[in-house]
Amino acid sequence: MAEAAESSSGGAGGSSSPPPAEVEAVAAGWMLEFACYCMCRHFGEGCAAEFRRWGNVAQALINGVSKIPTHQKKVVYLCQFLIRIAKGKNLECHFENDKRISPLESALPFWTLLEREENKLEKLHEDIRLLIQIQIVAVHMENGYFREAAEVLERLYTDSDSDKPLRVKLATVIRSKDPYVPLLQSFSYDLLISKVKSYIELFMKETETNFLIQAATKQVESNGLGATTLQNKTVNVEDDKRNLETKQRPHLGQKHRVSSVLQNNSGVKEIKRLDNWKNRLYKKLGGLNSLQNVETHGDALASGRRRQRWTYKEDLELKSGIRKFGVGNWAKILVHGDFNNRTSVMLKDRWRTLCRIEQD
């Protein structure tokens, strides 16, 4: 009995079990890393409900920590950052006591803390910081809060020379009261989300060594659950495809109703009215295209306006920006240069044209 007691109390050396509080802290750390990993995955996949669920789990774990361990600071900062970025467009949501602070403005300090935790992603860090700052202003403008946008600008930027070009440009945009100007379209909210997804993909690769993730992966592999899940997904996809095809086939009664409406003059007028309304809506939404769509399909914004000839002064600004920031950094050149309603795509195309002219 004595031997059994000795064995249960800690083994041959007679050492006592570690304090339960320390064991709980280690387990909570594993759970927090796992919750953050799940948040990143669902944020990347656009699963809002699952993202909120794991965000709540992470927040509960963070609230239970009296002091954040050094090795987990990055995880805590990222959780807080993502929770705020996910609410970035919602000005009715507040994370600070000061109700003037929007979710994006509240996210910015956490991004600053993340930047301090690592130095190897300077370009990505800088891009995301710039996009957050611009979108803080843009979201207020999109909601018609122009006075608040001007106040935000005062809070965001100091009087340093490095901030001055962007501060002046944004002040001009706010005075124009046009949330769809090329500058804001080039640094769109969609582009911000895309950059954040790129960042969390790198984070997830680093977090694959988490104990819970590795243990769960081994368990799934040993039970053969991976193949079962894949099979279920395949079946679901096939079912969804059949359901979609069924929905797309017009019912005989539907055909008859459509035919009746078309034969009715008032019905034709109604359809024309709806088409006109839809075309106006599409034109308005055209300004919401992100920089990624513009790069893929051409400058959609410019196609709806009269093409502006490049001036000699703009060419000089472009060359000066390239000397300072290098070819390819069109976003930086756009922000720091004095251009007339240009986008970063326009700058890239103009540079190609100038190169061809010089070669000829």
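Is Arg350 buried or exposed? Arg350 is buried, at a relative accessible area of 17%, where buried means under 20% relative accessible area, exposed over 50% and partly exposed in between (1.4 Å probe, protein chains only). Before the views, a word on how to read them. This is a predicted model, in which local features need pLDDT of at least 70 and side-chain atom pairs count only at pLDDT 80 or more, while totals for chains, interfaces and linings use all residues. Residues are numbered from 1 along each chain as its sequence is written, and side-chain values use heavy atoms, with hydrogens and water left out.

**View 1. The whole chain is built with 19 helices and zero strands.** Helices (H or I, at least four residues) and strands (E, at least two) are DSSP runs, numbered from the N terminus. The chain has 360 residues, and 34% of them count as buried. A contact here means heavy atoms within 4.5 Å. Take the contacts with a separation of 6 or more: 67% of them come from residues 24 or more positions apart.

**View 2. Asp315 and Arg350 join helix H17 to helix H19 through a salt bridge.** Side chains of opposite charge can pair when their charged atoms come close. The rule used for a salt bridge is a side-chain nitrogen of Lys or Arg within 4 Å of a carboxyl oxygen of Asp or Glu. For Asp315 and Arg350 the N to O distance is 2.8 Å. Asp315 sits in helix H17 and Arg350 in helix H19, so this pair ties together parts that are 35 residues apart in sequence. Asp315 is buried, with a relative accessible area of 10%, and Arg350, at 17%, is buried as well.

**View 3. Lys313 reaches Asp338 in a loop.** The closest N and O atoms of this salt bridge are 3.2 Å apart. Lys313 belongs to helix H17 (residues 312-325), while Asp338 is in the loop between helix H18 (330-336) and helix H19 (344-359), so the bridge ties together parts 25 residues apart in sequence. Lys313 is exposed, at a relative accessible area of 51%. Asp338 counts as partly exposed, with 43% relative accessibility.

**View 4. Arg147 and Glu148 pair up, and elsewhere Lys74 takes part in a network.** The side chains of Arg147 and Glu148 meet in a salt bridge with an N to O distance of 3.4 Å. Arg147 counts as exposed at 57% relative accessibility, whereas Glu148 is partly exposed at 26%. Salt bridges also link Lys74, Glu118 and Glu206 in a network. How many salt bridges does the count come to? The count comes to 16.

**View 5. Phe81 is one of the best-connected residues in the largest nonpolar core.** A nonpolar core is a set of buried Ala, Val, Leu, Ile, Met, Phe, Trp, Tyr and Cys residues joined through side-chain atoms within 4.5 Å. The largest one has 76 residues, and Leu78, Phe81 and Leu82 touch the most other members. Helix H6 (residues 122-142) supplies the largest share of this core, eleven residues. Leaving aside residues up to four places away in sequence, Phe81 touches Ala107, Phe110, Trp111, Leu114, Ile128, Ile132 and Val196.

**View 6. Aromatic rings meet at several spots, with five aromatic pairs in the count.** Rings of Phe, Tyr and Trp (its six-membered ring) pair if their centres lie within 6.5 Å; planes under 30 degrees apart count as stacked, over 60 as edge-to-face and the rest as tilted. Phe34 and Trp54 are edge-to-face, 5.4 Å centre to centre with 85 degrees between the planes. Their pair links distant parts of the chain, with Phe34 in helix H2 (residues 20-45) and Trp54 in helix H3 (residues 48-63), 20 residues apart. Phe34 is partly exposed at 23% relative accessibility, and Trp54 is buried at 17%. Trp111 and Tyr199 are edge-to-face too, at 5.0 Å centre to centre and 75 degrees between the planes. This pair connects helix H5 (residues 103-117), home of Trp111, with helix H10 (residues 189-207), home of Tyr199, 88 residues apart. Both Trp111 and Tyr199 are buried, and ring pairs link them with Phe81 into a cluster.
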